[in-house]
Amino acid sequence: MLAPVTDTDGAPFWQYAAQGELRIQACADCGEPRFPPRPCCPHCQSFASEWRQVSGHGRIWSYVVPHPPLLPDYAAQAPYNVIVVELADAPRIRLVGNLVTEAGAPLNSLSSDRIRIGARVQVVFTDTGLPQWILERP
């Protein structure tokens, strides 16, 4: 599996995820949350930032099921899903991930016919700190 590429701005996201926490960057001056992480607030142009813990609850905003897999390393798990999750406590923030049956489950562990736009989901983390999503009501 691919490992996330980290940069200075996004490294805290992955450090918190490795600890089982979902945090997003927010402006320390105007309070506006932002993702992906970046050095400057697009709303007030401040360079001050902080990392806020969020609930990890959201809803499926969009999804795709790649056929065939886009990368050879994922061929054994095809077909699998890729979802876009709108966070409940930061609705303008959307994260990309996979909907699985439990933390660390294979990408194809949930049948794609169970995926619905608007379905409520909750974040879980793999042993390596990769965020995944599970249905709140399986």
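Is Arg 59 buried, partly exposed or exposed, and what is its relative accessible area? In this predicted model, Arg 59 is partly exposed, with a relative accessible area of 31%, and the sections below place this residue among the salt bridges, the overall fold and the pockets.

## Overall fold

The protein contains one helix and eight strands, and from the N terminus on these elements follow the order α-β-β-β-β-β-β-β-β. Along the principal axes, the C-alpha trace spans about 45 × 30 × 25 Å. The radius of gyration of the protein is 15 Å, which agrees with the value near 14 Å that a compact globule of 138 residues would have.

Of the 138 residues, 38% count as buried. Among the contacts with a separation of 6 or more, 51% come from residues that lie 24 or more positions apart.

## Salt bridges around Arg 59

Side chains of opposite charge can pair when their charged atoms come close. The count for this protein comes to five salt bridges. In one of them, the side chains of Glu 86 and Arg 59 meet with an N to O distance of 2.9 Å; this pair links distant parts of the chain, since Glu 86 belongs to strand β5 and Arg 59 to strand β4 (residues 57–64), 27 residues apart.

The two partners are not equally accessible: Glu 86 is buried, because its relative accessible area of 14% falls under the 20% limit, whereas Arg 59, at 31%, is partly exposed. Arg 59 and Glu 86 also belong, together with Arg 94, to a network of linked salt bridges.

## Other charged pairs

Arg 92 forms a salt bridge with Glu 32, in which the closest N and O atoms are 1.7 Å apart. Arg 92 lies in the loop between β5 (82–87) and β6 (94–97), and Glu 32 in the loop between β1 (23–27) and β2 (33–34), so this salt bridge ties together parts that are 60 residues apart in sequence. Arg 92 counts as exposed, with 61% relative accessibility, while Glu 32 is buried, with a relative accessible area of 18%.

A further salt bridge joins the side chains of Arg 52 and Glu 50, with an N to O distance of 3.0 Å. Arg 52 is partly exposed at a relative accessible area of 33%, and Glu 50 is likewise partly exposed, with a value of 33%.

## The largest pocket

The largest pocket holds about 710 Å³ of space. Its lining is made up of 27 residues, of which Pro 4, Trp 14, Val 96, Gly 97 and Leu 130 lie nearest the centre. Both α1 (11–18) and β6 supply at least two residues of this lining, and β6 gives the most, with four residues.

By class, the lining of the largest pocket comprises 20 nonpolar, four polar and three charged residues.

## The second largest pocket

About 220 Å³ of space lies in the second largest pocket. This pocket is lined by 15 residues, and those closest to its centre are Met 1, Leu 2, Thr 126, Thr 128 and Leu 130. Leu 130 is thus named among the residues nearest the centre of the largest pocket and among those closest to the centre of the second largest pocket.

The lining of the second largest pocket divides into nine nonpolar and six polar residues, with no charged ones, whereas the lining of the largest pocket includes three charged residues.

Technical notes:
Residues are numbered from 1 along each chain as its sequence is written. This is a predicted model: local features need pLDDT of at least 70, side-chain atom pairs count only at pLDDT 80 or more; totals for chains, interfaces and linings use all residues. Side-chain values use heavy atoms; hydrogens and water are left out. A salt bridge is a side-chain nitrogen of Lys or Arg within 4 Å of a carboxyl oxygen of Asp or Glu. Buried means under 20% relative accessible area, exposed over 50%, partly exposed in between (1.4 Å probe, protein chains only). On a 1 Å grid over the protein atoms alone, a cavity is a set of points where a 1.4 Å probe fits but cannot get out, and a pocket is an open set with protein on both sides within 12 Å along at least five of seven lines; lining residues have an atom within 4 Å of a point. Grid points are joined across faces, edges and corners, and a volume is the space filled by probe spheres set on the points. Ala, Val, Leu, Ile, Met, Phe, Trp, Tyr, Cys and Pro count as nonpolar, Asp, Glu, Lys and Arg as charged, and the others, Gly among them, as polar. The radius of gyration is taken over C-alpha atoms; the globule rule is 2.2 Å times the number of residues to the power 0.38. Contact means heavy atoms within 4.5 Å.
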